[in-house]
Amino acid sequence: MRAAALLTTAPGRFRAPLAAGLALLACGSTVPANAVITTVTDTGNNHAISLQVGSASAIDTVQFNVTGNNVGLTPGPVTGTPAIDISVVPTRPANSDGTARPVTLQVDSSAGLTCQSTSCGTTIIPFSKISWTVSNSSGGSAGDIQNGQFNGAVNQQIASFNANATYCSLPILIFCLGWVYQSNTMNATRLTFTYANDVIYPAGAYKGTVYFTASMQ
């Protein structure tokens, strides 16, 4: 799985791709996954939201290699490496009112992982075979991402929180001019992905893309 995406623009719905690569092998060699990176920016002074999946300056590669005993009669789950950090940062303009603006993070994993080699033909592995565990999370009560797995839907919601504006609290308001008014954020919630490996699929290399969509109302 390879991913790196940075998205900043005005309120609405914004998608960042996360491509996944899976190598089902009977030997010790590995097959690198392909990458997708998308960057969109907006220099306006209105409300904005940024979504970052993986590294901002490089392409991260998360790879699942099903080899050795995991190909035999006693397969076990396979953890992909490295983990991927996800951040959602809504911002508010100066003099913004205090009304909370709901922020949601959804994923589209409907396409599945398709075979990239002749050995597996037209086989598609559903993304529901991939789950994740989280660290550096603020927890479900704060609306951050929790442990879960892809369900193959186009609009699976994995996080939701309110973007409440942060205001300057100095007694002399003139000193607040020029401050950046920033809302609640989701900072580098780390997802470690695991392939279930509970179904025997033809050996080969598989690739698919999950789209993360961040929105602020």
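## A tour from strand β15

Begin by selecting V134 and L191: L191, in β15, is the bridge partner of V134. The model on screen is a predicted one.

Now select the whole of strand β12, residues 130-135, together with strand β15, residues 186-195. β12 and β15 pair in the antiparallel sense, over six bridges.

Next, add strand β8, residues 84-91. β8 and β15 also run antiparallel, and four bridges join them. To see one position along this pairing, pick I86, which stands opposite T189 in β15.

Then add strand β7, residues 78-79. Two bridges connect β7 with β15, again in the antiparallel sense. Here V78 stands opposite Y195.

**The nonpolar core**

Keep I86 selected and add V88, L105, I145 and F212. These five touch the most other members of the largest nonpolar core, which has 36 residues. Strand β16, residues 204-216, gives the most to this core, with five residues. In soluble globular proteins, nonpolar side chains tend to be buried together.

**The aromatic rings**

Clear the selection and show F127, W132, F150 and F193, which ring pairs link into a cluster. The structure has three aromatic pairs. A pair of aromatic rings is described by the distance of the centres and the angle of the planes.

Zoom in on F127 and F150. Their ring centres are 5.7 Å apart and their planes lie at 75°, so this pair is edge-to-face. F127 sits in the loop between β11 and β12, while F150 sits in the loop between β13 and β14. The pair links distant parts of the chain, 23 residues apart.

Now swap F127 for F193 and keep F150. How are the rings of F150 and F193 arranged, stacked or edge-to-face? The centres of these two rings are 6.0 Å apart and the planes are at 10°, so the pair is stacked. F150 is in the loop between β13 and β14 and F193 is in strand β15, so this pair ties together parts that are 43 residues apart in sequence.

Are F150 and F193 buried or exposed? F150 counts as buried because its relative accessibility is 2%, and F193 counts as buried because its relative accessibility is 1%. F127 is buried too.

**A polar stop**

Finally, select Q63, in strand β6, residues 63-66. Q63 has a relative accessible area of 15%, so this residue is buried. Show N65 as well: the side chains of Q63 and N65 make a polar contact at 3.2 Å.

Note on methods
Residues are numbered from 1 along each chain as its sequence is written. This is a predicted model: local features need pLDDT of at least 70, side-chain atom pairs count only at pLDDT 80 or more; totals for chains, interfaces and linings use all residues. Side-chain values use heavy atoms; hydrogens and water are left out. Two strands pair if DSSP finds at least two bridges between them. A nonpolar core is a set of buried Ala, Val, Leu, Ile, Met, Phe, Trp, Tyr and Cys residues joined through side-chain atoms within 4.5 Å. Buried means under 20% relative accessible area, exposed over 50%, partly exposed in between (1.4 Å probe, protein chains only). A polar contact is a pair of N or O atoms within 3.5 Å; within protein, one must be able to donate a hydrogen and the other to accept it, and residues adjacent in sequence count only if both atoms are side-chain atoms. Rings of Phe, Tyr and Trp (its six-membered ring) pair if their centres lie within 6.5 Å; planes under 30 degrees apart count as stacked, over 60 as edge-to-face and the rest as tilted.
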